[in-house]
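Reader: I should like to go through the terms applied to this model one by one. For each, please set the computed value against the criterion and state the conclusion.

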Amino acid sequence: MRLLVLGGTSFVGRAIVDDALRHGAEVTLFSRGRTGTELFPGVPRLIGDRDAGDYAALHDGSWDAVVDVSGYVPRHVGQAMDALGDRVGRYLFISSHAVYVQTGVGPGSDEDTPRRPPVRDTEELDDDTYGPCKVACEDDVVARYGSRATIVRLGKVAGPHDVQSGLTYWARRAARGGRVALPSSPEQPVQVIDSRDAARLVGQLLLDDRPGAFHAVGPAEPTTMAELIATCAQVAGSQVEVVPVPAEAVSPFFPLTRPEPKWPTQQRSPARARAAGMPATPLAVTIADVLAWDRERGEPPLPHELSSTEEAKLIAGA
């Protein structure tokens, strides 16, 4: 398979390229050429800047499929499709669960859940616009490519090379042991998918030439925040005590935590993706690999990370 990846050098895109190369695909990367330049030696690279509308490098060549990892606003996707035209077989767009309506959805929701109204009049991405912009992108891909369009809606992705907090925060914190402040209920459901499982789903969908929308969510078994932290400690060989603290005392973006009304967003159904071939790496394996990678890179500061002093104050006041 001749595969074009728009992006491909950061986290999820990197995992997709890794998986594609392992399965024998002939990969071409399209990116600005500013990050990950040491990755994938020998893989052809086309240089362009989506923000600047520079797609000149895509005006020649043809591919069996394109994976759009770096399309966030309709202009990005529209200009890429204009440049590629019918010189690609399938267009697989990486989307997000942020496309869905935020209320009135129960546990086990599937890919037919109502989406938010599309937004096309802004490129400023925040909580209010990110999901609706992705909706517009999805609609444009389906309108252009029809049965040759595939949508993969990522949940919270975890794994090596994730520079955000997410699972990395809890794995690192649990490894230190002791009393762990949790700005949420211990019973809060949480869904994280290993980046390599998401990448394998993408690869299988392309191999099968399968259209439609698919949830990339995990792990295999329903998990709560308390269970996730306990698994992190077990993998690290430490002992922890989870101490619930007021959510309003920390950042509203604290890693993996959600207010109770949004718990159903962490209980999406993976059934369609599983049936299509998405694997389920055990959570303990993902955690072990995250810990090893994080230690190798020297455990740099994370966004929204609590210092030991801040955490101690929260626990004392709980």
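Reader: Why is Glu299 called partly exposed rather than buried or exposed?

Author: In this predicted model, Glu299 has a relative accessible area of 36%. Buried means under 20% and exposed means over 50%. The value for Glu299 lies in between, so Glu299 is partly exposed. Glu299 is located in the loop between helix 8 and helix 9, and its phi is positive, about 50°, although the residue is not a glycine.

Reader: What makes Leu256 buried?

Author: The relative accessible area of Leu256 is 5%. As the limit for a buried residue is under 20%, Leu256 therefore counts as buried. Leu256 belongs to the loop between strand 13 and helix 7. Leu256 also has a positive phi, about 70°, and is not a glycine.

Reader: Why is Ala276 called buried, and where is it found?

Author: Ala276 has a relative accessible area of 5%, and the criterion is under 20%, so the term buried applies. Ala276 occupies a place in the loop between helix 7 (271-275) and helix 8.

Reader: Which residues is Ala276 in contact with, leaving aside its neighbours within four places in sequence?

Author: With those neighbours left aside, the contacts of Ala276 are Leu201, Gln204, Leu205, Asp208, Arg210 and Phe214. Each has heavy atoms within 4.5 Å of Ala276, because that is what contact means. In addition, the C-alpha atoms of Ala276 and Val202 are 9.8 Å apart in space, while the two residues are 74 residues apart in sequence.

Reader: How do you know that helix 4 is mostly covered?

Author: Helix 4 spans residues 166-176, and 9 of its 11 residues are buried. They are Gly166, Leu167, Thr168, Tyr169, Trp170, Ala171, Arg172, Arg173 and Ala174. These buried residues pack against strand 7 (156-158), strand 8 (178-182), helix 6 (225-236), strand 13 (240-244), helix 8 and helix 9 (308-316). Helix 4 is followed by Gly177, which has a positive phi near 75°.

Reader: What makes Thr168, in helix 4, a buried residue?

Author: Its relative accessibility is 2%. Set against the limit of under 20%, this value means that Thr168 is buried. Apart from neighbours within four places in sequence, Thr168 is in contact with Asp162, Val290, Trp293, Asp294, Arg297 and Leu302.

Reader: How do you know that strand 1 and strand 4 pair?

Author: Strand 1 (residues 2-6) and strand 4 (residues 63-68) are joined by 4 bridges. Pairing requires at least two, so the two strands qualify. They run parallel, and Val67 in strand 4 is the bridge partner of Val5.

Reader: What is the order of the strands in the open sheet, and what makes strand 3 and strand 11 its edge strands?

Author: The sheet has 7 strands in the order 3-2-1-4-5-6-11, with parallel pairing. Strand 3 (45-47) and strand 11 (212-216) each pair on one side only, and they are the edge strands. From one strand to the next, the twist averages 20°.

Reader: Which strands does helix 1 touch as it packs on the sheet?

Author: Helix 1 (residues 11-22) touches strand 1, strand 2 (26-31), strand 4, strand 5 (88-96) and strand 6 (149-154). Its direction makes about 160° with that of strand 2. Helix 3 (residues 130-145) packs on the sheet too, touching strand 5 and strand 6, and its direction makes about 165° with that of strand 5.

Reader: What makes the peptide bond from Gly218 to Pro219 noteworthy in its geometry?

Author: That bond is cis, with omega near -5°. Pro219 is placed in the loop between strand 11 and strand 12 (223-224).

Reader: Which residues lie nearest the centre of the largest cavity, and what lines it?

Author: Val192, Ile193, Asp194, Pro219 and Thr281 lie nearest the centre, among 16 lining residues. The lining divides into 10 nonpolar, 3 polar and 3 charged residues. Strand 10 (192-194) and helix 8 (283-296) each supply at least two of them, and strand 10 gives the largest share, 3 residues. The space in this cavity is about 70 Å³, and the count of cavities of 30 Å³ or more is 1.

Definitions and conventions:
Residues numbered from 1 in each chain as written. Predicted model: local features only at pLDDT ≥ 70, side-chain atom pairs only at ≥ 80, totals over all residues. Heavy atoms only, no water. 1 Å grid on protein atoms, 1.4 Å probe; cavity = no way out; pocket = protein on both sides within 12 Å on 5 of 7 lines; lining within 4 Å. Points joined across faces, edges and corners; volume = space filled by probe spheres on them. Nonpolar A, V, L, I, M, F, W, Y, C, P; charged D, E, K, R; others polar. Axes fitted to C-alpha atoms, helices over the stretch in contact; angles between N-to-C directions. Buried < 20%, exposed > 50% of the residue type's maximum accessible area, 1.4 Å probe, protein only.
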